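Subject: Structure handover

Hello,

Here is the structure we talked about handing over. My notes on it follow below.

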Amino acid sequence: MTRFRSVFSLILPILTILFQISLSCADNAVPVVMWGDQLKLDSETKSVNPFLKTTRKEFESFLRKKLESLPPVLVCVKDNLCIEDLVKHKQHLHSITTDDSMYYFPAVETAVNVIEDLPSYNTTYADYTDSLSEGQLSIMAISNLDIIPESYKTIKESSPNAIVILTGRSCNYRHSERMKRNAPEDNNSTFTVQTDRVMLYSSQRLALKIPEETDVILLPLRSTPTEEEHAKELILNLQFNEKDSPIFKHKLSFKFENKSTGYYTLKTVNYEYFIEKTTNNQNLTTNTDIVFPNKFSYHCSKNITFQMNGTYVLSIADLQVQVFSNKDPKRKPVFSYAYDCVGFTTIPIWTGIFVTAILASILMWGLAMIIDIRTMDRFDDPKGKTITVSALE
């Protein structure tokens, strides 16, 4: 493999990444690869700047200079061709670029139109070309880049001086798809809180339903957490600030009670919100038994709801929470083994036990029937007296 083939193999992925962030890319700009024995590399085109787009006029001037002697030209045109396609099939392209005479342009304006408008060539269109003559330019439509090595081999045998150009009519990738941008805040983004003593996680944003609002309120992903520690109670306070809303502040207080030694219970969440100069305070409770031992976390895939008479409702999806026994600023944000809200005897387990019991009953009944089968214990003797079986037997 020659030196330029190796360079092309190394720089093509880099050019792809750089070209994806180029601000000058356009829908009518397509890559162009050109190779052949008659081509000679020069200092002007040996290096490629992926941030610049080759204009129609520049590409036309380049072709006129390189095709001045009118060598036979085979143009392979793909309807949709982007740099990603060249990277994907680079092994096939490397197998046929066996010399140092190869040019690569990452973005050329209307490349096919420039080639079709070359005045000195006799342009033809064909689905398959096996030979070319001097001054002939054949445009062959292709659907797959894998056929290029075989087509080039056929042309090379009949026309050793042939030049091959690979390009496309358009590139369907949009500029917005190539640019990396900050994603907007997603309503389904995960909500996490970590303090010195408490870790809390929800797979979605916390949802609130209150009488003052007709729609469900999705609390922001960012909150200001604080802790209050009492004798047998640890309170996690989460404050959410709203913008452009009548309710400019929400405050949730999760009360973790240590009623029995080594176990924490979460039963009540105090909800406080502020409307202008008015403050409202409600105690929300849950019917789910959120109980977990020390050094363990609690997890529940179901929606956990804290409510007060159905008017104030706090919904937490896929809740996982853990209370640590001591403060450790260097603690890794990882939950310990979880106590799950689903008990051991779940519906699938009961279903399996029920089906197994039915099958075991059928099997035992079948075995009992087989064991109860009686076989003959006496047989006729042809030389003796005939066996007589009475009704009692």
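The model is predicted. It holds two disulfides. A disulfide is a covalent bond between the sulfur atoms of two cysteines.

Disulfides

One bond joins Cys82 to Cys171, with an S to S distance of 1.9 Å. The torsion about that S-S bond is about 115 degrees, so the disulfide of Cys82 and Cys171 is right-handed. This pair links distant parts of the chain, 89 residues apart. Cys82 is in the loop between strand S2 (73-80) and helix H3 (83-88). Cys171 is in the loop between strand S6 (163-170) and helix H7 (175-178). Both Cys82 and Cys171 are buried.

The other bond is formed by Cys300 and Cys341, with the sulfur atoms 2.1 Å apart. The link of Cys300 and Cys341 has 75 degrees about the S-S bond and is right-handed. Cys300 lies in strand S16, and Cys341 in the loop between strand S20 (338-340) and helix H8 (347-371), so the bond ties together parts 41 residues apart in sequence. Cys300 is buried, at a relative accessible area of 0%. Cys341 is partly exposed, at 22%. Counting the bonded cysteines in sequence order, the pairing reads 1-2, 3-4.

Another cysteine to note is Cys76. It is buried, because its relative accessible area of 2% falls under the 20% cut-off.

Overall fold

The chain has eight helices and 20 strands. Of its 393 residues, 39% count as buried. Take the contacts between residues at least 6 apart in sequence: 66% of them join residues at least 24 apart. The chain exposes about 23,700 Å², and carbon and sulfur atoms supply 53% of that area.

Cores

The largest nonpolar core has 36 residues. Leu252, Phe254, Phe256, Phe306 and Leu314 have the most contacts inside it. Strand S14 (residues 263-275) gives the most to this core, with five residues. Phe254 touches a long list of residues, among them Leu200, Leu234, Leu266, Val269, Leu314 and Ile316. Another core, of 26 residues, lies apart from the largest one. Its members include Leu67, Val77, Cys82 and Ile139. Cys82 is thus in this core as well as in a disulfide with Cys171.

A buried polar residue

Asn237 lies in strand S12 (residues 233-241). Is Asn237 buried or exposed? It is buried, with a relative accessible area of 5%. Its side chain makes a polar contact with the side chain of Glu228, at 3.0 Å. Among the residues that Asn237 touches are Thr224, Lys251, Leu252 and Ser253. Leu252 is also one of the residues with the most contacts inside the largest core.

Backbone points

Which loop holds Thr110? Thr110 sits between strand S3 (102-109) and helix H5 (111-116). Thr110 has a positive phi of about 40 degrees, although it is not a glycine. It is partly exposed, at a relative accessible area of 23%.

Lys295 also has a positive phi, of about 70 degrees, and is not a glycine. Its loop runs between strand S15 (278-293) and strand S16 (297-300). Lys295 is exposed, at a relative accessible area of 63%.

Annotated segment

UniProt, in an unreviewed entry, places a "transmembrane region" at residues 349-371. In the model that span is 100% helix and 0% strand. Its end C-alpha atoms lie 33 Å apart.

Best wishes

Note on methods. Residues are numbered from 1 along each chain as its sequence is written. This is a predicted model: local features need pLDDT of at least 70, side-chain atom pairs count only at pLDDT 80 or more; totals for chains, interfaces and linings use all residues. Side-chain values use heavy atoms; hydrogens and water are left out. A nonpolar core is a set of buried Ala, Val, Leu, Ile, Met, Phe, Trp, Tyr and Cys residues joined through side-chain atoms within 4.5 Å. Buried means under 20% relative accessible area, exposed over 50%, partly exposed in between (1.4 Å probe, protein chains only). Helices (H or I, at least four residues) and strands (E, at least two) are DSSP runs, numbered from the N terminus. Contact means heavy atoms within 4.5 Å. UniProt positions are given in the numbering used here, feature names are shortened, and annotations may be inferred rather than shown by experiment. Accessible areas come from the Shrake-Rupley method with a 1.4 Å probe; for residues, only the protein chains shown count as cover. A polar contact is a pair of N or O atoms within 3.5 Å; within protein, one must be able to donate a hydrogen and the other to accept it, and residues adjacent in sequence count only if both atoms are side-chain atoms. A disulfide is a pair of cysteine sulfur atoms within 2.5 Å. Lists of a residue's contacts leave out its neighbours within four places in sequence.
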